[in-house]
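Please open the model in a viewer and keep the sequence panel visible. The tour below proceeds by selections, each followed by a description of what is found there.

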Amino acid sequence: MKTRDITLHINEEKYNLTVDANQTLLQVLRSIGSTGTKYGCGTGECGACTVLVNGKTSILACLTLAALADGMHITTIMGLEKDGELHPVQQAFIDRHAIQCGFCTPGMVMKTISILEENPNPTEDQIRHELEGNMCRCTGYEKIVDAVQHARDMMKGETR
Ligand code: FES
Ligand code: FES
């Protein structure tokens, strides 16, 4: 198996790693203990492995080769809390009871951040459309959509 030396910046920490050419970013994240990012389907269908590039663009870590992520700045769910404070999107999911088993939650939260980075004022329909790639087996989505709207409003300085 061919290997490659890469550098990843994960949650503002630098990692020099040797990875197999076919290793995914998800496998690498989990192998270094970043297990907040979940392995769901492994085939790009469920969104559980969603992480951010450069703090704003969501990607599926199970479909991203680690070698191709060389040099990237990756944010995972484990990098959101700052000085003991949750990210507003994390807080919104708690406030609106949008978490049941929690398996989809890391991916949902990271996807929500990217949605709000791209459009700080999405409508409910736009939120539902953007979340189509993120599966949840538990909540029926209503509370998740409500949480995203709550996060949107909190981040704009309004609360519903
Ligand atoms: S684990 Fe990546 S999309 Fe399901
Ligand atoms: S809370 Fe269980 S899969 Fe979404």
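The stops run from the whole chain to its domains, and then to individual strands, helices and loops.

**The whole chain**

Begin with the entire protein in cartoon representation, bearing in mind that this is a predicted model. Five helices and five strands should be visible. Followed along the sequence, they occur in the pattern β-β-α-β-β-β-α-α-α-α. The radius of gyration is 16 Å, close to the 15 Å given by the globule rule for 160 residues, so the protein is as compact as a globular protein of that length. Its C-alpha trace spans about 50 × 30 × 25 Å along the principal axes. If the chain is coloured by burial, 39% of the 160 residues appear as buried. Of the contacts with a separation of 6 or more, 59% are between residues 24 or more positions apart.

**The two domains**

Next, select residues 3–78 in one colour and 88–155 in another; the domain assignment gives these as domain 1 and domain 2, respectively. Their C-alpha centres lie 21 Å apart. Where they meet, 14 residues of domain 1 are in contact with 13 residues of domain 2. On the domain 1 side, select strand 3 (50–53) and strand 4 (57–60), each of which supplies at least two residues to the side that touches domain 2. Strand 3 gives the most, with three residues. By character, the residues on this side of domain 1 comprise six nonpolar, six polar and two charged.

**Strand 1 and its partners**

Now select residues 3–10 and 13–20, which are strand 1 and strand 2; they run antiparallel and are joined by eight bridges. One pair to display is Arg4 with its bridge partner in strand 2, Val19. Then add strand 5 (residues 73–75), which runs parallel to strand 1 and is joined to it by two bridges. Here His9 has His73 of strand 5 as its bridge partner.

**The turn of the hairpin**

Which residues should be examined where two residues separate strand 1 and strand 2? Select Asn11, which takes a positive phi near 50 degrees in this hairpin. Select also Glu12, in the loop between strand 1 and strand 2. Phi of Glu12 is near 70 degrees, again a positive value in a residue other than glycine. Most residues other than glycine have a negative phi. Is Glu12 buried or exposed? It counts as exposed, because it has 10 C-beta neighbours inside 10 Å.

**The loop before helix 2**

Move to Asp83, in the loop between strand 5 and helix 2. Its phi, near 50 degrees, is also positive although the residue is not glycine. With 4 C-beta neighbours inside 10 Å, Asp83 counts as exposed.

**Helix 2 and its cover**

Finally, select helix 2 (residues 88–95) and show the side chains of Val89, Gln90, Ala92 and Phe93, which are buried. These four residues lie on the same side of helix 2, because they cover an arc of only 160 degrees around the axis. To see what covers the buried residues of helix 2, add helix 3 (105–118) and helix 5 (142–155), which are included in that cover. The last selection is His97, which follows helix 2 and has a positive phi near 55 degrees.

Note on methods: Residues are numbered from 1 along each chain as its sequence is written. Chains are lettered from A and ligands numbered from 1 in the order in which they are written. This is a predicted model: local features need pLDDT of at least 70, side-chain atom pairs count only at pLDDT 80 or more; totals for chains, interfaces and linings use all residues. The radius of gyration is taken over C-alpha atoms; the globule rule is 2.2 Å times the number of residues to the power 0.38. A residue is buried if 20 or more other C-beta atoms lie within 10 Å of its own, exposed if 12 or fewer, and partly exposed in between; C-beta atoms are placed from the backbone. Two residues are in contact if their C-beta atoms, placed from the backbone, lie within 7 Å. Domain bounds come from an automatic or database domain assignment. Ala, Val, Leu, Ile, Met, Phe, Trp, Tyr, Cys and Pro count as nonpolar, Asp, Glu, Lys and Arg as charged, and the others, Gly among them, as polar. Two strands pair if DSSP finds at least two bridges between them. The arc is that of the directions from the helix axis to the C-beta atoms.
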